[in-house]
Amino acid sequence: MTSTPTKPQPRARRLLATALRHPAVVPLGAVVLALLIGAVIIAAAGLDPLTAYAAVLEGSLDPRQLDYTFSVWGFICGMALAAAIPLRMGEFNLGGNGQMVLGGLTAAWVALNVPLPGILLVPLAVLAAAIVSGGFGALSAPLATRFGIPIIISTLLLSPIAVAVVSYLLRFQIGEAGSAVAQTPRLPDEGRMWALGDLSYSNTGLLVIIAMMVAFYVVDSRSAVGFELRVVGANRRFGAYGGVRVGRLAFGAMAAAGAAAGIVGAIIVMSSPYRLIDGALISPGYTFAGLAAALLAGGRPALIPVTAILFTILQVGGASMERSADVPRQLSDVLQGVVIVVLALRTVLDQRRTERSSA
Amino acid sequence: MTSPSAAAVTGEPSAPAVELVGIGKRFGAVVANDGVDLVLRRGSVHAVMGENGAGKSTLMSMLFGLLKPDSGEIRVDGAPVQFDGPLDAIAAGLGMVHQHFRLFDSMTVADNVVYGAEPTKGGLIDRRAAAARVRELSERYGLETEPTAVVGSLSAGARQRVEILKALHRDARILILDEPTAVLTPSEVTSLFTVIRRAADAGTTVVLVTHKIHEVLAVSDEVTVLRDGRVTGRFATSEATSASLVHAMTGREIDEVRNPGTGTPGAVALEVEHVTVGDPRTPAVHDVSLAVHRGEIVGVAGVSGNGQHELVAAVLGTVQASSGRIRLLGEEVGSRSVRDRRAAGLAVIPEDRRGEGTAVTLSVAENVTLGHHRTAPIGASKGLRRGWMSIRAERARARELIADYDVRTSGEQQPIGALSGGNAQKVVIARELSHGAPVLIAEQPTQGVDVGAIESIHQRLLDYRAGGGAVLLVSHEISELLALADRILVMYSGRVVAEFTAAEATTARIGAAMAGAAEAAPAPDAAAAVAPAPTDTPAPEPETDRTP
């Protein structure tokens with residue numbers, strides 16, 4: 001503390017200040033802080049944090065597990081898209097669960113009821129899921145522009161309604177008769193996602209999600225709509241003044257977000273065990289993990305696959321941490337939560353920064 | 001605009017309240033301040049002048065604790081100080097009124113003024129005492145405001161009065177005013193100068209950061225001029241002249257642009273008929289009609305907050321007129337979207353550069369692209385490339401405009417928020433003028449812009465007119481309107497209350513109309529004449545308002 005020279009100190013400080021201003025500092029800091037807090041919690045429970053974290057890594061990156069890890073990464077990426085597209089224009093889509101479940105229901109219904117060969121049935125089911133969920137997501141845009149209900153609120157409140165309706169339908173209307181669990185019958189072979197070689201978890205659905213991410217990247221960086229999304233996200237009044245039709249843009253963004261979530265739902269339902277089971281889409285927490293990944297990436301398309309890796313590791317590794325280190329898997333949720341809280345602080349920091357640079 | 005006040009201090013110079021010694025500050029490769037010395041004498045008004053980017057704001061930010069100097073020393077009352085933040089500076093008796101407002105939009109005027117130093121009663125904020133305090137301060141200093149009004153609903157000028165009241169409420173001994181007149185009207189400027197003079201006479205040290213020469217001459221006692229982060233001139237105001245100040249600021253002389261006059265204006269390009277904006281009972285714009293012809297600059301004068309901004313918003317389409325018609329080139333556009341109106345031939349330079357005219361976090365290139373992103377060369381309006389953008393074309397065009405408009409930036413990828421106000425304004429103007437739209441609305445186009453840049457912006461507007469453009473120029477600077485406009489309308493309380501041709505218009509007549517038409521204000525300069533008069537009683541103690 002009582003370091004000697006007076007001259008080099010401001011310089012070192014300046015270097016440090018410049019380094020701290022790097023855009024990667026806050027997201028990385030969020031992750032490191034989350035891991036430290038997690039370590040404290042684990043240690044407080046009398047367990048060894050290093051063993052626990054090692055178990056997380058081993059469990060998720062075990063070569064025999066990679067097939068499963070990749071499929072989860074795909075779902076988290078898909079749900080990250082559902083959050084990131086509106087986030088680009090400064091809106092929060094918290095309705096991923098409802099959108100995903102509606103997509104799953106639609107895909108299941110199409111696969112069970114439409115008599116078509118698989119080559120047509122699978123795309124049709126996915127498309128139908130995208131349309132229904134996209135429509136459901138887009139509902140929030142007119143609610144915001146016409147009635148002034150913020151998108152963050154309407155998505156959050158509409159989501160449980162959709163989840164409850166699907167749950168009701170599964171239990172009392174379209175569920176498999178005679179089953180103890182509320183679930184649809186098994187989808188016919190024609191209505192299942194095509195396999196990728198002999199992998200048992202990852203299938204063509206993963207390729208669909210990767211294609212969606214590529215599409216988002218291209219639209220975001222190269223298209224007029226992507227430009228408008230970024231402009232509105234940076235300053236809504238500036239966008240409106242410049243002639244961006246903000247209401248329509250929100251409609252499109254929410255429709256695309258809903259569609260992405262619906263497609264994830266469809267892919268999950270059309271993958272093993274090939275049925276829609278009540279609560280099965282929501283319980284793994286892909287929506288929240290995807291939201292966290294999108295926030296950590298700041299909505300930037302190129303970063304989402306990277307940030308999604310982190311949450312995939314937590315998600316998949318959480319289970320093996322529970323098994324081998326006796327740490328409850330809920331700790332992964334805690335870590336996700338800490339990351340989000342730290343990122344919320346980033347908004348405040350960013351604001352200060354722009355104020356200072358203009359001073 | 002204002003008559004010069006008794007600026008020169010009589011008697012011997014008082015002791016320094018603040019001394020800045022050898023202050024240096026760098027931002028990356030940019031040297032913002034380099035060995036700046038500044039002495040502020042107690043009870044004096046000290047003007048700090050310089051063009052945009054000369055380092056005035058940086059220097060003041062360091063004095064107020066917002067930034068830390070890389071080198072040098074700050075002394076308050078002779079003792080060296082180190083400010084870790086504005087709170088330290090406030091505790092040391094400094095107060096700052098920022099160029100960009102730092103207010104809570106959703107809170108009332110009174111809440112904003114007392115924020116951080118609230119009068120309390122039984123542990124709760126005493127709202128009545130706060131309102132009384134605001135009323136008392138605003139009456140004492142002639143800063144008209146309504147304590148219960150919500151700040152978000154106020155005009156730029158009114159918000160600034162709140163900022164000033166806020167510093168006054170804290171009884172700052174050293175008051176820093178950063179470009180305080182940028183959003184004020186002539187009469188408001190006059191009363192501000194009265195406030196400044198009164199405060200100085202009562203012993204407050206006032207720092208006036210500005211680039212307006214007539215203000216410096218009118219109100220200051222001493223002047224320090226900065227250029228490129230260094231001190232290039234120190235004057236007692238009584239010995240300074242416009243020429244010497246301009247020379248110190250720019251290193252060259254400036255010729256003011258004068259309206260060269262035009263031939264007969266062409267066809268009507270913009271027509272506003274009986275337009276009313278807002279709640280019909282208390283409309284912001286009340287039954288306004290006007291027409292702008294091709295090859296004509298029509299000026300709109302008025303005190304900030306008299307409906308000019310709402311009128312512009314209604315023409316642009318960001319706000320819907322509640323009644324009336326708006327025609328662009330003969331086409332009715334009153335119910336069309338902003339995009340359609342712009343496509344029909346409208347460009348707008350907005351008043352609020354940071355809030356509406358730019359997105360500070362986006363790059364210069366992105367800021368100069370909005371509105372051009374769906375048309376060639378960046379986008380395409382038809383064919384296969386419709387809806388897609390060429391990043392290469394975007395950057396090339398941005399670089400071209402940066403060169404053309406002499407924007408000082410490290411490159412087109414730099415965030416526009418890092419540019420000085422004048423350079424950011426050049427980006428806005430480049431974007432809007434490059435539409436080549438027949439109708440241009442320029443709202444305060446030279447606000448917060450330095451002398452050299454004002455000249456070039458004025459020249460651009462005149463060129464625009466010469467090219468057959470129709471320009472609606474909204475300005476609070478009468479001199480600007482006199483220099484450019486062919487006709488001048490005056491707005492007061494949402495109505496057009498007077499119209500002058502360029503030949504008829506004088507500062508006095510426009511000023512009278514701005515103050516509320518014929519019945520008000522016998523002479524516009526009457527207030528100015530009061531300015532130098534010494535004030536009798538100093539401010540009463542604020543404690544009298546705070547019930548224990």
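1. Two residues are in contact here if their C-beta atoms, placed from the backbone, lie within 7 Å. By that test, and leaving aside neighbours within four places in sequence, A:Ala80 is in contact with A:Gly290, A:Ala293, A:Ala294, A:Ile304 and A:Ala308. The model is predicted.

2. A:Ala80 also belongs to the largest nonpolar core. That core has 272 residues. The residues with the most contacts inside it are A:Ile76, A:Ala80, A:Ala260, A:Ala293, B:Ile176 and B:Leu473. A:Ala293 thus appears twice: in this group and among the contacts of A:Ala80. Which element gives the most to this core? Helix 12 of chain A does, with 16 residues.

3. Helix 12 of chain A deserves a closer look. Residues 246-269 form this helix, and helix 6 (residues 118-138) of chain A packs with it at an angle of about 140°. The two axes are 6 Å apart. Angles over 145 degrees count as roughly antiparallel, and helix 6 and helix 12 of chain A are therefore oblique to each other. Their crossing is right-handed.

4. On the helix 6 side of chain A, the contact with helix 12 includes A:Ala125, A:Val126, A:Ala129, A:Ala130 and A:Val132. A:Ser133, A:Gly134, A:Phe136, A:Gly137 and A:Ala138 also take part from helix 6. Among the residues they meet in helix 12 of chain A are A:Phe251, A:Met254, A:Gly258, A:Gly262, A:Ile263 and A:Gly265. By class, this contact has 16 nonpolar, six polar and no charged residues. Glycine is counted with the polar residues here.

5. Helix 10 (residues 224-234) of chain A packs with helix 12 of chain A too. What is the angle between helix 10 and helix 12 of chain A? It is about 110°, with the axes 11 Å apart. The range from 65 to 115 degrees counts as roughly perpendicular, so helix 10 and helix 12 of chain A fall in that class. A:Val225, A:Glu228, A:Leu229 and A:Val232 in helix 10 meet A:Val246, A:Leu249, A:Gly252 and A:Ala253 in helix 12. The residues of this contact divide into six nonpolar, one polar and one charged.

6. Back in helix 6 of chain A, is A:Leu120 buried or exposed? A:Leu120 lies in this helix and has 11 C-beta neighbours inside 10 Å, so A:Leu120 counts as exposed. A:Gly191 is 71 residues from A:Leu120 in sequence. In space, the two are 9.3 Å apart, C-alpha to C-alpha.

7. Now chain B. It has 18 helices and 22 strands. Buried residues make up 55% of its 548 residues. Among contacts in chain B with a separation of 6 or more, 69% join residues 24 or more positions apart.

8. Helix 9 (residues 308-316) of chain B is mostly covered. How many of its nine residues are buried? The count is nine of nine. Polar and charged residues are included: B:Gln308, B:His309 and B:Glu310 are buried in this helix. So are B:Leu311, B:Val312, B:Ala313, B:Ala314, B:Val315 and B:Leu316. Just after helix 9, B:Gly317 takes a positive phi of about 105°.

9. The chains meet through 32 residues of chain B and 21 residues of chain A. Helix 1 (56-63), helix 10 (338-343) and helix 11 (353-357) of chain B each supply at least two residues of the chain B side. That side divides into twelve nonpolar, 15 polar and five charged residues.

10. Check the cis peptide bonds. One runs from A:Ser272 to A:Pro273, with omega near 5°. A:Pro273 lies in the loop between helix 12 and helix 13 (286-296) of chain A. Another joins B:Ala376 and B:Pro377, with omega about 5°. B:Pro377 lies in the loop between helix 12 (364-369) and helix 13 (391-404) of chain B.

11. Check positive phi outside glycine as well. B:Asp228 has phi near 50°. B:Asp228 sits in the loop between strand 11 (222-227) and strand 12 (230-236) of chain B. With 15 C-beta neighbours inside 10 Å, B:Asp228 counts as partly exposed. B:Asp406 has a positive phi of about 55° and is found in the loop between helix 13 and helix 14 (421-433) of chain B. B:Asp406 has 12 such neighbours, so B:Asp406 counts as exposed.

Methods
Residues are numbered from 1 along each chain as its sequence is written. Chains are lettered from A and ligands numbered from 1 in the order in which they are written. This is a predicted model: local features need pLDDT of at least 70, side-chain atom pairs count only at pLDDT 80 or more; totals for chains, interfaces and linings use all residues. Axes are lines fitted to C-alpha atoms, for helices over the stretch in contact, and angles run from 0 to 180 degrees between N-to-C directions. Helices (H or I, at least four residues) and strands (E, at least two) are DSSP runs, numbered from the N terminus. Angles under 35 degrees count as roughly parallel, over 145 as roughly antiparallel, 65 to 115 as roughly perpendicular and the rest as oblique. A crossing is left-handed if the near helix is turned anticlockwise from the far one by less than a right angle, and right-handed if clockwise. A residue is buried if 20 or more other C-beta atoms lie within 10 Å of its own, exposed if 12 or fewer, and partly exposed in between; C-beta atoms are placed from the backbone. A nonpolar core is a set of buried Ala, Val, Leu, Ile, Met, Phe, Trp, Tyr and Cys residues joined through C-beta atoms within 7 Å.
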